[in-house]
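Hi everyone, thanks for coming. I'd like to walk you through one model today, from the overall picture down to a few details. Let me put it on the screen.

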Amino acid sequence: MLSFRLSSRSFARKSCKTKAFRSFSTNPPTVKNFINGEFVESSTDKWIELTNPATNEVIGLVPETTQEEMQQAAESAKKAQKEWAEVSTQNRVRVMLDYQKLIRDNIETLAENITYEQGKTLADARGDVIRGLEVVEQCASIASLMQGETAENVSKDMDTYSYRKPLGVCAGIAPFNFPAMIPLWMFPVAVTCGNSMIMKPSEKNPGATMLLAEYAQEAGLPDGVLNVIHGAHDCVNFICDAPDIKAISFVGSNSAGEYIYERGSKNGKRVQSNMGAKNHGTILPDADKNSTLDAIVGAAFGAAGQRCMALPVAIFVGETQEWIPELVERAKKLKVSAGHVAGTDVGPLIDSASKARIESLIEQGIREGATVLLDGREIDVPDFPNGNFMGPTILDNVSPENITYKEELFGPVLCCLRVDSLSDAIQLTNNNAWGNGAAIFTSSGPNARKFQHEIESGQIGINVPIPVPLPFFSFTGSKASFRGGHNFYGKAGVQFYTQLQTITSNWALRENAPSWSTTMPTLGSK
């Protein structure tokens, strides 16, 4: 039995504290809130069961944080932010430099927790942490992204210049599929810009965020600058409604994202909302067959398909349709098991409800005409008979009207579509409402150029199946996959978490002072 290390500060049993708990525990620990620098037990009487996806055993209890506790978090964040904003940018950066070292030193601890609570393989969990760590590292150069602009002599003895200033209290609502990476997209950028942050991790796997909060405090982040609360609908509504919260970052489903964007915006908040996706991969006959098929298998079935940048749609152009049987054979070789088992390629789905939903959509898709080439619904994982496992599933002859194409399945399911030309593939991709990403596999420069020029998706991969930009760029999902004015991390992330303030100053010598009047000033005049 693999032991997963967890801190006694953020997880507590009702009868004792422990640095680890195992799936056979009969007294599951409770997850604490993190408010004003302290891990505190919630006084709630409503608890959400935290389960191990590989076994469905209860491994913890997550509180539905009370209204009073959420208000305490907001007040703590508001008070702390005023002092934190006065700390120089360079000293805020130094906290992030210490923070990235602590995350790097604890990658295994974080990865083990992610595998235990979320189910993904340990190798994939390490990648989850590392991709978030890269954002923290990028925060070390945030000072250059926060620079304003200056124009001298806009009029006689007048200068105009601008600053980027923090917004105040911000909030982040994170999904279950990347328990470390997505929170690290949010609060490190926000706090390095001088804001404070209230994080709500997914109630399905809050452990990584709690560990990240510990490391942030150890790195020197002052009490109250980062707070963590838990829950479901009531917690989300509090974040959308609380007057002290000025901005909301969200990653998750379309239904939740549209709701948060609308409710938060109506309350005058900035909102950035990364939502659903249906990323398409176009395969041309001139592509390298071996590397292309491997890329599709990895992108479609990795993390059990629970990625917003997974590749659930493969468009086979012309003679590449003959490659589909070989794709099926490669997918059959993937090992499905618990994430901590050596050699596992595909771990469990997050919960039984998710598995049931995907199975239902597959069945409906078959009734609508899809052909099953590989069916993973009844896969047997002997050592984990109660887990939420689904093996790689491949559907052929899927039409754009098929339910499996129209819905975001968020599981290890690949829909194969067949077209005659690159232009047909581009039109099919663009007709889809979502716009997170799209990929093309080709050895032709002109074909790649045509694809990148005509595709409407926000992120494009050329022989790259999952084109998630590194943090010196920004995550640029578009169309129905995103709501808001600024994307996540990079330059766009800094712009989201800051407000431009523009100053026009007049320091004329007394004898040269202008004579003011009631007419509209025209500063460009001499």
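So, to start: how many helices and how many strands does the protein have? There are 16 helices and 26 strands. Please keep in mind as we go that this is a predicted model.

Let's take the overall dimensions. The C-alpha trace spans about 85 × 65 × 40 Å along its principal axes. For 526 residues, a compact globule would have a radius of gyration near 24 Å, and the protein comes in at 25 Å, so the two agree.

How much of the chain is buried? Of the 526 residues, 57% count as buried. On the outside, the protein exposes about 21,700 Å², and 49% of that area is supplied by carbon and sulfur atoms. As for contacts, if we take those between residues at least 6 apart in sequence, 71% join residues at least 24 apart.

Now to the part I suspect you'll like, the cavities. A search of the whole structure turns up 5 cavities of 30 Å³ or more. The largest has a volume of about 90 Å³. Its lining has 13 residues, and the closest to the centre are Gly-305, Ala-310, Pro-312, Glu-408 and Phe-410. What classes of residue make up that lining? We get 7 nonpolar, 3 polar and 3 charged residues.

On to the second largest cavity, which has a volume of about 70 Å³. Which helices each supply at least two residues of its lining? They are α4, covering 122-138, α5, covering 142-145, and α16, covering 490-496. Among the lining residues you'll find Val-135, Gln-138, Cys-139, Ile-142 and Leu-145, along with Gly-490 and Val-494. Val-189, Pro-471 and Tyr-489 are also part of the lining. By class, that lining divides into 8 nonpolar and 2 polar residues, with no charged ones.

Let me finish with a single residue, His-233. Where does it sit? His-233 lies in helix α8, which runs over residues 233-241. Is His-233 buried or exposed? Its relative accessible area is 66%, and the cut-off for exposed is over 50%, so His-233 counts as exposed. If you'd like a distance to check on your own screen, try His-233 to Thr-498: these two are 265 residues apart along the chain, and their C-alpha atoms are separated by 28 Å.

That's my tour, thanks for listening!

Key: Residues numbered from 1 in each chain as written. Predicted model: local features only at pLDDT ≥ 70, side-chain atom pairs only at ≥ 80, totals over all residues. Heavy atoms only, no water. 1 Å grid on protein atoms, 1.4 Å probe; cavity = no way out; pocket = protein on both sides within 12 Å on 5 of 7 lines; lining within 4 Å. Points joined across faces, edges and corners; volume = space filled by probe spheres on them. Nonpolar A, V, L, I, M, F, W, Y, C, P; charged D, E, K, R; others polar. Helix = DSSP H or I, 4+ residues; strand = E, 2+ residues; numbered from the N terminus. Buried < 20%, exposed > 50% of the residue type's maximum accessible area, 1.4 Å probe, protein only. Rg over C-alpha atoms; globule rule 2.2 N^0.38 Å. Contact = heavy atoms within 4.5 Å. Areas by Shrake-Rupley, 256 points an atom, 1.4 Å probe, with all protein chains shown as cover.
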